[in-house]
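I am opening my notebook on this structure. I will jot down what I look up, one topic at a time.

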Amino acid sequence: MGLLRSLVMMLLLIWFLWLPGLRAQPPNSARALDALLQDYAYQALVLVRPKTGTIYDGVVPSDLSGIKISALRLRSGSLRRKGVDMYKEFKIHPGVIEQPYVERLVLVYQNLGNWSLRYYPLSNYTYLAPVLGLLAYSASNLSATNLPELDIRATGDPITIRFPDVKSAPDGLVAKCVWFDLQGSPSFSNVASGNECSTVQQGHFSIVVESIAPSPEPASPPPSGGAPNVPGPTGQEKKSNSKVGIIVGSVLGGILLLVLLSFLVFWVQKLKEKKKMQQMERAAEVGEALQMTSVGETKAPAAMVTRTQPTLENEYVP
C-alpha cells in the first residue's frame, strides 16, 4: 500500500503542475497590480537595513518580466522642506505634503514598460513612452501588504517627469502628456521641452499621441448568388475560445490520468496475486512427497523409512 500511495501522490503532483489553469497569472486590473508592486517594492526594504533617502530597486515575479520597481523611504518633514532632487525620472520640489500625515513614508516607483498598454489602454492614442508610476504609502510597517495610498500634493512647484527615449510623433501630430488618477481616469496636458511632463498629484504618467485611423475600405459586394461575407471572430472571441479550450483540455487530461491510475491500481493488485501464487507453488515443490499405501479400502501416506529401532536396556548390562 505504501508503494501505491506514493504512485498516486506522484501522479497527482504531475497533474497539478501540468494543469494550465492553476499557474500563476498576472493581476487582471491596474489597482491589483499597484497592490502587488507595493508588496514587492517593500520587500526590497525588508531584505536590508534601509537608509532614509536611499533608493532600493525591487524584483518583480517572472510573469511580470519587463516591469521595474523601486522604493524610497523618506521623513515627511524632509520631503516637505527639501523635496527629492531626482528619483528615477521624477524631480520632487519642496512643498509636497501628504494626507493623512505620517512620520515616514515610502515612495514606490513603477516603470510598466511593455505592460503599459495592457493596464492603461487608451483608445485612439499611441504611447510614445512607457507608463511611469509614483505612489506614496505609510512606512510604519514595512512588512504590510495591500496598503492604501497616501494623498500627496505639491503645494509649491509641481513634480516634473522627464521621459528618456521618447519616440517621435508622426508629422502633423502633437504629443501630449497623460496622467491617470488612482481610478484610471486620464487627463491630458502639454509636453514641455519635448519629453517633460508635470503634476501636482501622484498617479501614472506617460506621453501619447493621437492615433491616425486608417480610412475604411469599401465593403466588397457579395458574389452573385452567394451569401454575404461574414466577419471572422474578433480578438476577444478568440481569447474566449482559447480559455474554453484550456479548460476542456485540462478536464480531459484529468480524466485520462484517473483512467491510467485505475489501470495502475489494477495492475499492481494482479502483480501481487501472481507473486503470491508463485510463492505457494515454490513452497509445494520444496516439500517431500509421501508414498501412499492402502489400508483396507482407504489410502493413507506411508513413510519409506522407519524411525530408529528401540533397544532394550538389559542388552547393555555386562
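**Entry 1: a surface residue.** I looked up Leu 252 in this predicted model. Is Leu 252 buried or exposed? Its relative accessibility is 54%, and the cut-off for exposed is over 50%, so Leu 252 counts as exposed. I found Leu 252 in helix H5, which covers residues 235-286. Leu 252 also belongs to a nonpolar surface patch. Its partners there are Ile 255, Val 259 and Phe 263, and the patch covers about 400 Å².

**Entry 2: the core.** Next I turned to the inside. The largest nonpolar core holds 30 residues. Ile 67, Val 106 and Tyr 120 have the most contacts inside it. I then listed the elements that give two or more residues to this core: helix H2 (30-46) and strands E2 (68-75), E6 (104-111), E7 (125-127), E8 (132-138) and E11 (176-180). Which element gives the most? H2 does, with seven residues.

**Entry 3: salt bridges.** Side chains of opposite charge can pair when their charged atoms come close. I searched the whole structure and noted eight salt bridges. I looked at three of them.

- Asp 34 meets Arg 31 at 3.1 Å, N to O. Both sit in helix H2, three residues apart, which is about one turn of the helix. Asp 34 has a relative accessible area of 2%, so I wrote it down as buried. Arg 31 has 37%, so Arg 31 is partly exposed. These two residues and Glu 149 are linked in a network of salt bridges.
- Asp 85 pairs with Lys 91, with the closest N and O atoms 3.0 Å apart. Asp 85 is exposed because its relative accessible area is 60%. Lys 91 is at 21%, so Lys 91 counts as partly exposed.
- Glu 210 pairs with Lys 176, and here the closest N and O atoms are 3.9 Å apart. This pair links distant parts of the chain: Glu 210 is in strand E14 (residues 203-210), Lys 176 is in strand E11, and 34 residues separate them. Glu 210 is partly exposed at 41% relative accessibility. Lys 176 is partly exposed too, at 27%.

**Entry 4: a sheet.** Last, I traced an open sheet. In what order do its four strands run? I read E3-E4-E10-E13, with antiparallel pairing. The edges are E3 (84-87) and E13 (196-199), each paired on one side only. On average, neighbouring strands are turned by 20° against each other, direction ignored. I checked one pair: E10 (residues 159-162) and E13 share four bridges. Ile 159 stands opposite Thr 199 in E13.

Terms used:
Residues numbered from 1 in each chain as written. Predicted model: local features only at pLDDT ≥ 70, side-chain atom pairs only at ≥ 80, totals over all residues. Heavy atoms only, no water. Patch = residues over 30% accessible without salt bridge, like charges linked within 9 Å, V, L, I, M, F, W, Y side chains within 5 Å. Areas by Shrake-Rupley, 256 points an atom, 1.4 Å probe, with all protein chains shown as cover. Salt bridge = Lys/Arg side-chain N within 4 Å of Asp/Glu carboxyl O. Buried < 20%, exposed > 50% of the residue type's maximum accessible area, 1.4 Å probe, protein only. Pairing = 2+ DSSP bridges. Axes fitted to C-alpha atoms, helices over the stretch in contact; angles between N-to-C directions. Core = buried A, V, L, I, M, F, W, Y, C linked by side-chain atoms within 4.5 Å.
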